[in-house]
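Trainee: Please take me through this structure step by step. I will ask, and you reason aloud.

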Amino acid sequence: MEQRLGDVSGAFYPVAGLVAHRVTARETLRVGDRVTAVADAERHARIMRNHSGTHLVNAALRNTLGTHVKQAGSLNSPERLRFDFTHFAALDPHELRDIEQQVNEEIRLNTTVQTDVTFA
């Protein structure tokens with residue numbers, strides 16, 4: 001019997017060369033069951049947009065504060081993004097406005113995104 005799986009979440013890489021996905025089954029699975037995993041395309045699109053946003057924030061931070069700024073972590077979820085970075089001082093209101101303006105200007109350009117998949 002073929003069953004549909006529930007939510008498919010982010011990819012992970014348990015061993016070199018293997019891409020795996022965590023899933024939540026809607027029903028109990030048994031050895032030998034055939035399943036079909038279906039990704040939520042809208043959720044994935046929202047995560048992709050937020051991931052692109054982290055690149056825009058990184059570029060604007062480096063343009064405004066200097067190339068010493070380094071990414072120290074990030075979160076890309078369907079609802080929001082978070083970008084952690086290193087810098088020697090808190091942002092002042094002028095710097096924050098400049099960074100926001102740069103990111104918003106780039107978003108308004110609506111540039112086509114090119115994705116390159118590479119394997120190490």
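Mentor: Start with a rule. Two strands pair if DSSP finds at least two bridges between them. Keep in mind that this model is predicted.

Trainee: How many bridges join β4 to β5?

Mentor: Strand β4 covers residues 70-76, and strand β5 covers residues 81-86. The two run antiparallel. Pairing needs at least two bridges. The count between β4 and β5 is 6.

Trainee: How many residues lie between β4 and β5 in the hairpin?

Mentor: β4 and β5 form a hairpin. Residues 70-76 make one strand and residues 81-86 the other. The number of residues between β4 and β5 is 4.

Trainee: Which residue in β5 stands opposite S74?

Mentor: Look across the antiparallel pair of β4 and β5. S74 has its partner in β5. That partner is F83.

Trainee: Is F83 buried or exposed?

Mentor: Buried means under 20% relative accessible area. F83 has a relative accessible area of 11%. F83 is therefore buried.

Trainee: How are the rings of F83 and F85 arranged?

Mentor: The whole structure holds 1 aromatic pair. In this pair, the ring centres of F83 and F85 are 6.4 Å apart, with their planes at 25°. Planes under 30 degrees apart count as stacked. The F83 and F85 rings are therefore stacked.

Trainee: Which helix gives the most to the largest nonpolar core?

Mentor: The largest nonpolar core has 8 residues: V57, A60, L61, L65, V69, F83, I99 and V103. Helices α1 (41-65) and α2 (93-109) each supply at least two of them. With 4 residues, the top giver is α1.

Trainee: Which residues does V57 contact, leaving aside its neighbours within four places in sequence?

Mentor: V57 belongs to the largest nonpolar core. With those neighbours set aside, two contacts are listed for V57. They are F83 and V103.

Trainee: Now charges. Which residues are linked with E42 in a network of salt bridges?

Mentor: The structure has 3 salt bridges. E42 meets R46 at 4.0 Å, N to O. E42 also meets R49, at 3.3 Å. The residues linked with E42 are R46 and R49.

Trainee: How many residues apart are R46 and E42 in helix α1?

Mentor: Both sit in α1, about one helical turn from each other. R46 is partly exposed at 29% relative accessibility, and E42 is partly exposed at 44%. Their spacing in residues is 4.

Trainee: How far apart are the closest N and O atoms of D84 and R82?

Mentor: D84 is partly exposed at 26% relative accessibility. R82 is partly exposed too, at 35%. The two form a salt bridge, and its closest N and O atoms are apart by 3.0 Å.

Trainee: What is the nearest side chain of opposite charge to E95?

Mentor: E95 lies in helix α2. E95 is buried, yet has no salt bridge. A salt bridge needs nitrogen and oxygen within 4 Å. The nearest side chain of opposite charge is 10 Å away, and it belongs to R97.

Trainee: Which residues are in contact with E95, leaving aside its neighbours within four places in sequence?

Mentor: E95 is buried. One of its contacts, L65, is also part of the largest nonpolar core. The full set is T64, L65 and A90.

Conventions
Residues numbered from 1 in each chain as written. Predicted model: local features only at pLDDT ≥ 70, side-chain atom pairs only at ≥ 80, totals over all residues. Heavy atoms only, no water. Core = buried A, V, L, I, M, F, W, Y, C linked by side-chain atoms within 4.5 Å. Buried < 20%, exposed > 50% of the residue type's maximum accessible area, 1.4 Å probe, protein only. Contact = heavy atoms within 4.5 Å. Lys, Arg positive; Asp, Glu negative; His and termini not counted. Phe/Tyr/Trp six-rings, centres within 6.5 Å; stacked < 30°, edge-to-face > 60°.
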